[in-house]
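Me: I'd like a close look at one part of this structure, with the surroundings filled in afterwards. Keep it chatty, but tell me what your terms mean.

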Amino acid sequence: MTDVNRLPVLVSLQHMCFQFANGETLLDNLTLSIDHTPTGIVGRNGRGKTILAQLITGLLLPSSGSLTRTGTVAYVAQRVEVMPEDTVADITGTAPTLAALERMANGTAQQDDFELIDDRWDLAERLRNALDSAGLDHLKTDTPADQLSGGQLARVTVIGALLAAPQLLVLDEPTNHLDSSGRAWLLQVLANWQGGLLVVSHDRQLLNTLGRIIELTPQGAQVYGGNYDTYRIHRDAEQQAAVNALEHARLERSREHRRLQKDHDSLQRNAARSRKHAQTANVDRFTKARWKGAATEIVSTVRSAHREHKHTLDTQVRQAYERIQDETPTLLALPASAVPNGRQVLTLMDVQLPWLPASRLNLHLAGPVRIAVRGPNGCGKSTLLKLLAGQSQPVSGDCCVHVPCAYIDQHLGLLDNQRSIVEQLNLLDTPLAEAELRTRLALLQLDALRVTQPAGQLSGGERLKAAMAVALWRQTPAQLLLLDEPTNHLDLESVIAFEHALQGFTGAMMLVSHDEAFIRAVKPTHVLSWENAQWHLEGA
């Protein structure tokens, strides 16, 4: 087995800082080494995960410190910009070389074609094989990129990075748009990858295949050996130690405060006796004044020492508190969101979905059911949720939802990005009084500033909380949640908090997600799966 400590360093960061143009510092005094150990980057949204990835790949430059690369790097961004004229060859970055190869084959080679081709004479064949193995055998090099689905585009982009054969491959949330087969393909590809690998991800299945986790925290970068599960064990142990340290610091402060108060009271009594003795003593007035001044000076000196000691104790408590990661509290629904046993939730009778007229769907669901919808990209999972939400109509058949519902997709279209959360809830006649509403939002870590600014200015995790609040705190709260990949673009802590929120939800839900850990945490009662061009409902 290779000694990890002897692996060659591909990227070295020494006291690196990154500041925005407005002077805001995001990454400060960062010192890291990236070698061939497959490494994941995790952390709350806004900690700088994508910025760090772009710094490592050279898309951004550090504001200070040094960043040294000793090998080639390929970067796959979280969002791929597609121009109208782009093809599959353009997205994979192979278009110039493929064109040169074609000119060579046609006998119309140009002067720089040999340089373009270099040693990649088999590039066309390798690209074809890569597309086929990714389940994209129907794509050609000249297929327009704007015809690709999100999952297809994600796979094509990764293929392009792999064909570049970099020494370090950097992926930013590569599983966001992949279905189960796409994820299985990616995991297999990365398992066979021989170069360095750096992944920004909230996908626990992917993170569990890696050998190192780097967490970005307010205190800097914390490095953990092992996969995600190992990281969580160490991190949870550190958090418990931090909680214990905070409790100890608070107890120590309380004990010291009582001791200092006793010392202060004793000092005051002694000082009073000294001043009284000086006043009644048979000495000259200059000596009396000197004695009184000495007593006052002692009191002043001790008070100053006490203040300094209290400040030190407060600082220790504050530092202990800062080592504790904030946990997002569970979102609590209103009582009216509950669905009693036996209450009919939805009925589908011989429903033919748009784009899938050959299949017919029959569902009769009652009570607080939880249905996980499974199937490959393009089988109609999102279409089904939009149908239930009333955003589309069936080709034929009857679709009836018997309870109030809310459709929450990964783009959170439920929110009006131009209005604040408070505005939107007031327009929906929330039964919560203004004070209670703001208190509930504050418990969701949505402070006075965030609840009054347009929802479009909030982070991904904050917008998800806002969408849930809009769905569950309006006059007629949702009793059926339709969740379409809601955890995409969330950090891991927000995903886990969202899982806890859904575990406490007493209504019904139907969810589409390719995150198996998320589905298991929500504990579905049924699974609706697409198999052999038909829908099948089974108990979980």
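Reply: Here is a walk through one sheet, followed by some helix contacts and two single residues.

A word on the ground rules: this is a predicted model, so local features need pLDDT of at least 70 and side-chain atom pairs count only at pLDDT 80 or more, while totals for chains, interfaces and linings use all residues. Residues are numbered from 1 along each chain as its sequence is written, and side-chain values use heavy atoms, with hydrogens and water left out.

Now the sheet. It is open and built from 6 strands in the order 14-15-16-12-17-18, with mixed pairing. Strands here are DSSP runs of E, at least two residues, and helices are runs of H or I, at least four, both numbered from the N terminus; two strands pair if DSSP finds at least two bridges between them. At the edges sit strand 14 and strand 18 (534-539), each pairing on one side only. On average, neighbouring strands of this sheet are turned by 15 degrees against each other, direction ignored.

Zoom in on strand 14 (residues 405-409). Its partner strand 15 (residues 480-484) runs parallel to it, and 5 bridges join the two. Across that pairing, Tyr407 faces Leu482 of strand 15. Edge strand or not, strand 14 is mostly covered, with 4 of its 5 residues buried (buried means under 20% relative accessible area, exposed over 50%, partly exposed in between, with a 1.4 Å probe and protein chains only).

What lies across strand 14 and strand 15? That is helix 14 (residues 460-472), running at about 170 degrees to strand 14. Angles like this go from 0 to 180 degrees between N-to-C directions, using lines fitted to C-alpha atoms, for helices over the stretch in contact. Helix 15 (residues 492-503) also packs on the sheet, touching strand 12 (370-374), strand 15 and strand 16 (508-512), where contact means heavy atoms within 4.5 Å. Its direction makes about 155 degrees with that of strand 15.

On to the helix contacts, with helix 5 (residues 123-133) as the shared member. It packs with helix 3 (residues 95-106) at about 130 degrees, with the axes 10 Å apart. Helix 3 and helix 5 are therefore oblique (under 35 degrees is roughly parallel, over 145 roughly antiparallel, 65 to 115 roughly perpendicular, the rest oblique). Thr97, Leu98 and Leu101 of helix 3 meet Leu123, Ala124 and Leu127 of helix 5.

With helix 6 (residues 150-163), helix 5 packs at about 140 degrees, axes 10 Å apart. Leu123, Arg126, Leu127, Ala130 and Leu131 of helix 5 touch Val156, Ile159 and Leu163 of helix 6. That set splits into 7 nonpolar, no polar and 1 charged (Ala, Val, Leu, Ile, Met, Phe, Trp, Tyr, Cys and Pro are nonpolar; Asp, Glu, Lys and Arg charged; the others, Gly among them, polar).

Finally, two residues. Leu10, in the segment before strand 1 (11-19), counts as buried at 6% relative accessibility. Leu10 and Thr70 are 60 residues apart in sequence, but 5.1 Å apart C-alpha to C-alpha. Ser181, in helix 7 (residues 180-192), counts as partly exposed at 46% relative accessibility. Its C-alpha atom is 7.0 Å from that of Pro376, 195 residues apart along the chain.
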